[in-house]
Every structure is written in structure tokens, then in C-alpha cells.
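This report describes the empty spaces inside one protein model and the way one of its helices is packed. Please keep the sequence and the structure in view while reading.

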Amino acid sequence: MSRRAKPLLQDDQVLKSKPAKPRDPAQPNLPFDPMPARVEPCLALLKTAPPKGVGWAFEVKWDGYRLAIHIEPKGVRIITRGGHDWTHRFPAIAEAARKLGVGTAILDGEAVVLDKEGRSDFGALQRSLGGRGGKRSSTESVFFAFDLLYFDGHDLTGTELSVRRHLLEDFLDGVTGAIQLSEEVHGDGTALLAHACSLGLEGIIAKHRDQPYRSGRTGDWLKIKCVQSESFMIIGYEQSTVARGGIGSLLLAGRKGHDWIYVGSVGTGFNTKDAEGLRITLDKLKTTRPAVPLKGKNLVFAQPTLIAEIEFRGWTHDGNLRHASYKGLREVQDNATVFDMSDKPTG
């Protein structure tokens with residue numbers, strides 16, 4: 001049985017979700033729209049503080065894999081952010097989608113594994129799938145739906161978020177288990193963020209209520225994190241004779257145009273088994289032409305192939321990650337986009 005998510009604010013009445021409004025029976029019948037094979041996802045722009053104003057809706061930021069569920073009479077498909085079919089890797093979510101009782105729909109959301117406190121745990125999700133390149137299916141994952149892009153034969157991407165959310169809340173009213181509604185929370189963004197951080201959540205998402213669904217990082221959606229977490233390329237490692245698995249730290253790089261920019265190293269967050277697996281894989285990718293020219297003892301350079309999810313507390317004045325910790329490897333089929341250095345947060 002799947003766990004329920006930890007509520008963002010349990011005691012503050014102002015910040016609970018609004019009750020769903022009844023659907024308007026006078027809504028006109030629209031002509032059917034062809035169902036797209038794939039919708040390029042809307043991505044959240046990283047900010048350091050929540051936006052102000054009444055035009056923003058807030059949700060919990062989930063720490064998992066971004067997915068789209070396509071429901072059609074002929075079956076269900078679960079598509080990753082990169083456009084790969086991972087239906088077989090999330091059988092419980094696929095089965096739940098088949099039971100929703102709708103002819104056609106596209107749900108946008110995030111697959112997560114919840115810890116005992118109801119918080120999303122990226123490492124647990126990875127383990128449930130067998131790690132990078134793993135072949136396991138995740139039976140304990142839960143899909144939190146936060147948008148409805150197509151429903152009952154109608155393309156909703158051109159309608160504003162408030163309409164899409166209204167339809168989504170109606171559609172998933174009372175639904176629990178492997179598919180759940182990502183609840184909207186109400187209140188001041190700064191207070192929401194502070195409370196999310198106190199609960200150990202990753203952060204919050206802010207979405208402009210009046211905007212249609214626009215693919216890419218347009219600024220319609222914003223992400224504000226308690227602890228930052230992004231994907232970086234592993235370009236080598238520092239050998240160690242005393243550290244577990246022979247790895248003292250991993251060398252990391254971000255992307256700037258067609259170039260790699262060194263962002264420092266990470267030496268925490270992985271255990272002996274992780275380090276041994278990383279060293280074996282990186283040794284197979286050894287190169288004498290490092291992606292970034294670095295000097296130092298005991299450095300082993302690798303071709304830029306493995307992408308790591310790194311948690312960190314900010315940036316140093318010279319552009320390195322501060323208090324970095326390794327969370328796991330990302331997959332291209334998931335959404336493994338290496339951090340673009342031009343996306344470093346602004347106020």
C-alpha cells in the first residue's frame with residue numbers, strides 16, 4: 001500500500017487546498033482534438049525566492065522522475081521527460097491509470113518513492129528501479145499528477161493553468177494509491193517555503209495561474225529549493241588509498257554552450273558499494289584528454305558520460321558547488337540534462 005505524501009502545512013487553515021468547484025454543466029461541447037504522441041514538458045526556472053502576487057499557485061516540489069501518462073482506449077503509455085517509453089518500469093502506476101475510467105487523457109506529473117514521513121526520496125526511487133541502467137520495475141512508486149494536458153478528446157495546453165487544475169482536481173477527486181493529485185497549497189510563498197524546509201521537503205513550485213501550458217523553461221513555472229539539487233557531469237575522480245571504493249571525490253562539470261565548466265568535486269553521499277561501482281564504470285571511460293584541464297595528484301579523467309544528481313548549499317565566489325553531496329546517477333531516458341551555468345539562480 002502506498003504512503004500518502006507529507007502535507008506541506010498541517011495546522012495552518014489558510015494554506016490548505018481549496019475545495020474543488022463543481023464542473024459547469026453549461027460548458028460548451030468542443031470539437032475533438034487529435035491526441036499528441038508527446039508534449040514537450042514545461043520546465044521550472046530556478047529562483048532563490050518565491051514570487052509575490054495573487055497570480056501564483058504553489059505546490060510541493062517532488063524529487064523524482066518527471067513523467068507523462070498517456071491514456072487511450074488502446075492502452076496506457078508512460079513517457080519520460082526525454083521521450084522514452086517507461087511503461088514497463090512503472091507497472092503499478094500504469095495499472096492505476098487503466099482504472100481511472102477515462103477514454104483519453106495526458107497527465108503531467110512526477111513519479112516518486114515516499115519515505116516513512118511521506119517525503120519524496122530520490123535515492124529510494126533509484127534503488128526501486130535498480131540504479132542507473134537497471135532493469136527493475138518500481139512497484140512502490142507513486143505518481144503525483146500536477147497538470148492535465150489532454151482530456152476526453154480535448155487539447156488543454158492552450159487553456160490557462162487555473163482551468164486545467166480545476167479539471168484535474170475533478171478528474172482525480174477521491175483517487176488514492178499509485179496515482180494521486182499533487183495538492184495546491186495557498187498562502188504567502190515565503191511562509192510556504194520556510195515551512196517546506198522545516199519539514200525536510202526539497203522546496204516548492206510556483207506556477208502562474210493565467211498562463212497556458214508552454215513547453216520549455218519559460219518562467220511560467222518557478223522552482224524554489226530548500227537545498228539545491230541539480231545534475232552535473234562526472235569528468236573523473238580523485239583516487240584514494242584510504243577512502244571507500246578507491247574514490248576520494250568525484251570531479252564535476254556544468255555545461256556552458258558547447259563547453260564544460262568545472263564546478264568542483266563531491267566526496268560525500270556515496271557508500272563503499274556506490275564508490276566501487278562508480279570506479280569500475282569510470283575506469284572503463286578513462287581518457288588522457290580531460291573535458292576540463294585540471295591539475296592535481298591522483299586525478300583520473302573520464303569521458304563525459306555519467307551524469308550525477310548533486311545536492312548542494314549554493315555557490316562559492318569562484319563558481320564551485322558549496323557543501324556538495326552525491327545523490328545518485330541520472331539516466332538520459334529520465335531527464336538527465338546537465339546543469340546549464342547560465343541558469344545559476346537570480347533573485
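## The largest cavity

In this predicted model, 14 residues line the largest cavity, and those that lie nearest its centre are Val-39, Pro-41, Leu-67, Ala-68 and Asp-108. The elements that give two or more residues to this lining are strand S3 (65-72), strand S4 (75-80) and strand S5 (105-112). Of the elements, S3 gives the most to the lining of the largest cavity, namely four residues. The space in this cavity comes to about 110 Å³. With a threshold of 30 Å³ or more, the count is one cavity.

Rolling a probe the size of a water molecule over the atoms shows where empty space is left.

## The largest pocket

The largest pocket has a volume of about 920 Å³. Its lining is made up of 35 residues, and Gly-123, Gln-126, Arg-127, Lys-327 and Gly-328 lie nearest the centre of the pocket. Helix H2 (122-128), helix H5 (272-284) and strand S19 (325-330) are the elements that give two or more residues to the lining of this pocket. H5 gives the most, with five residues.

The table sets out the residue classes in the two linings.

| Lining | Nonpolar | Polar | Charged |
|---|---|---|---|
| Largest cavity | eight residues | two residues | four residues |
| Largest pocket | eleven residues | twelve residues | twelve residues |

## Helix H4 and its surroundings

Which residues of helix H4 (residues 189-198) are buried? They are Gly-189, Leu-192, Leu-193 and Ala-196. Seen down the axis of H4, these buried residues fall within an arc of 100°, and therefore they line one face of the helix. The spacing can be understood from a general rule. An α-helix has 3.6 residues a turn, so residues three or four places apart point the same way.

The buried residues of H4 pack against four strands: S2 (56-60), S9 (184-185), S10 (203-208) and S11 (221-225).

Both ends of the helix also have features that can be located in the structure. At the start of H4, a side-chain oxygen of Asp-188 comes to within 3.1 Å of the backbone nitrogen of Thr-190. Just after H4, Gly-200 has a positive phi of about 80°.

Technical notes
Residues numbered from 1 in each chain as written. Predicted model: local features only at pLDDT ≥ 70, side-chain atom pairs only at ≥ 80, totals over all residues. Heavy atoms only, no water. 1 Å grid on protein atoms, 1.4 Å probe; cavity = no way out; pocket = protein on both sides within 12 Å on 5 of 7 lines; lining within 4 Å. Points joined across faces, edges and corners; volume = space filled by probe spheres on them. Nonpolar A, V, L, I, M, F, W, Y, C, P; charged D, E, K, R; others polar. Buried < 20%, exposed > 50% of the residue type's maximum accessible area, 1.4 Å probe, protein only. Arc of directions from axis to C-beta. Contact = heavy atoms within 4.5 Å. Polar contact = N/O pair within 3.5 Å; in protein donor to acceptor, adjacent residues only side chain to side chain.
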